[in-house]
Protein chains: 2
Amino acid sequence: MYTIGQVAERFQLPISTLRYYDKEGLLPGIERKSGRRLFSDVEIEALHVIECLKASGLEIREIRQFMKWCIEGAETYGKRKELFEARKKAVEEEMTRLQKTLDLIRFKCWYYEQAIKDGTEEKLQAMIPDKLPKKLRELYDNGHQ
Amino acid sequence: MYTIGQVAERFQLPISTLRYYDKEGLLPGIERKSGRRLFSDVEIEALHVIECLKASGLEIREIRQFMKWCIEGAETYGKRKELFEARKKAVEEEMTRLQKTLDLIRFKCWYYEQAIKDGTEEKLQAMIPDKLPKKLRELYDNGHQ
DNA sequence: ATAAAACCTAAACTTGACTTTAGGTCAAGA
DNA sequence: TCTTGACCTAAAGTCAAGTTTAGGTTTTAT
């Protein structure tokens, strides 16, 4: 059993955030001793899942719904699985988007490197439409679809 | 030259968002004709960069700073390059984080699949600590570092 | 010429996820 | 015992990134 301070330290989260999660129903059935929250391994695991779902882009209110399903037991296995399947898809799409973002960023890094190395921006801008090396041209185009 | 409506359509953004970007200084020096904004290729390119920087996690106020640097000309090449280098690092880190998130999500998908297929949650939970196939065990651990 | 569609501004409002504040309770060490 | 640090709640505040509203102007199609 851990105090709220110990858990905050372990997850590197402010205590106020843990209280907020509890208030929002993300830690249903957490034990109390004379008013103080007692975090057990169940809550530690819940916090791992909360961080995972948050990182996947899920909102607090949807995480609360998931926690409700957990309490309802076996009858909600299907809903819970579908939720994670949907998060999988969302995260995969976000990674694809970030990969495209990265392509354009890499192009811009190269672009400014050239600009610093050998000339004015004007020269370079004239260069983009047709004289770009094939690989960089692809990076540029990727960023602009 | 494009109207705000045409650009909104092209980028699939609400018109109000384009006005907001302009108000926040993200489209410096945009032309006007009798009060109406006229988007040229310069603004189209700016919007591509705005979407890229936003996707990388940059805030509006920092994108405004970047746009100011663009106006200042060649003397800010260094600052602009450093900004993109920093965004590259940030996006790479985010992708690493999302990969870990995905590992845990995949584990949860598998977990609920098992739960639905062959039994109660209790049996499964007892199974996690030691009887997990090696590959899934790794997924689980990845999600909990 | 006129009416609808597209545009404009300023200012207020919204939303989500916290954080801060104010005022109090509890417990462990000196 | 006392006091200090860790904890508690409710309610208000904050912040970013828009969105909505209200009232007005301009363009375009009939």
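Colleague: How much area do chain A and chain B bury between them?

Modeller: About 3,700 Å². Carbon and sulfur atoms account for 72% of that. Keep in mind that this is a predicted model.

Colleague: Which three residues of chain A supply the most of its buried area against chain B?

Modeller: A:Y77, A:M95 and A:Y112. Together they give 18% of the area that chain A buries against chain B. No other three residues supply more.

Colleague: And how many residues are in contact across chain A and chain B?

Modeller: On chain A, 40 residues, and they touch 40 residues of chain B.

Colleague: How many salt bridges are there between chain A and chain B?

Modeller: The count is 4. One pairing is B:K108 with A:E45, where the side chains meet at 3.3 Å, N to O.

Colleague: What about residue pairs in polar contact between the two chains?

Modeller: There are 6 such pairs between chain A and chain B, with both residues at pLDDT 80 or more.

Colleague: Which helices of chain A each supply at least two residues of the side that touches chain B?

Modeller: Helix 3 (41–55), helix 4 (60–72) and helix 5 (77–118) of chain A. Helix 5 of chain A gives the largest share, with 26 residues.

Colleague: How do the residues on that side of chain A divide into nonpolar, polar and charged?

Modeller: The side of chain A that touches chain B has 18 nonpolar, 9 polar and 13 charged residues.

Colleague: Let's switch to the fold. How many helices and strands are in chain A?

Modeller: Chain A has 7 helices and 2 strands. From the N terminus, the order is α-α-β-β-α-α-α-α-α.

Colleague: What share of chain A counts as buried?

Modeller: Of its 145 residues, 46%. Chain A exposes about 8,400 Å², and 50% of that comes from carbon and sulfur atoms.

Colleague: And what share of the contacts in chain A join residues at least 24 apart?

Modeller: That share is 47%, taken among contacts between residues at least 6 apart in sequence.

Colleague: Back to charges. How many salt bridges are there over all chains?

Modeller: The total over all chains is 20.

Colleague: Which residue forms a salt bridge with A:E59?

Modeller: A:R61 does, with the closest N and O atoms 2.6 Å apart.

Colleague: Why does A:R61 count as exposed?

Modeller: Because its relative accessibility is 53%, and exposed means over 50%. Its partner A:E59 is at 40%, so A:E59 counts as partly exposed.

Colleague: Now helix 5. Where do A:E85 and A:K88 lie?

Modeller: Both are in helix 5 of chain A, 3 residues apart, about one turn of the helix. Their side chains meet in a salt bridge at 4.0 Å, N to O. A:E85 is partly exposed at 28% relative accessibility, and A:K88 is partly exposed at 24%.

Colleague: Over in chain B, which residue does B:K81 meet in a salt bridge?

Modeller: B:E85, at 3.4 Å, N to O. B:K81 and B:E85 lie 4 residues apart in helix 5 (residues 77–118) of chain B, about one turn of the helix. B:E85 is partly exposed, with a relative accessible area of 28%.

Colleague: Last one. Which residues are linked with A:D22 in a network of salt bridges?

Modeller: A:R32 and A:R37 are linked with A:D22 in that network.

Conventions:
Residues numbered from 1 in each chain as written. Chains lettered and ligands numbered in written order. Predicted model: local features only at pLDDT ≥ 70, side-chain atom pairs only at ≥ 80, totals over all residues. Heavy atoms only, no water. Contact = heavy atoms within 4.5 Å. Buried area = accessible area lost by both parts, 1.4 Å probe. Polar contact = N/O pair within 3.5 Å; in protein donor to acceptor, adjacent residues only side chain to side chain. Nonpolar A, V, L, I, M, F, W, Y, C, P; charged D, E, K, R; others polar. Buried < 20%, exposed > 50% of the residue type's maximum accessible area, 1.4 Å probe, protein only. Areas by Shrake-Rupley, 256 points an atom, 1.4 Å probe, with all protein chains shown as cover.
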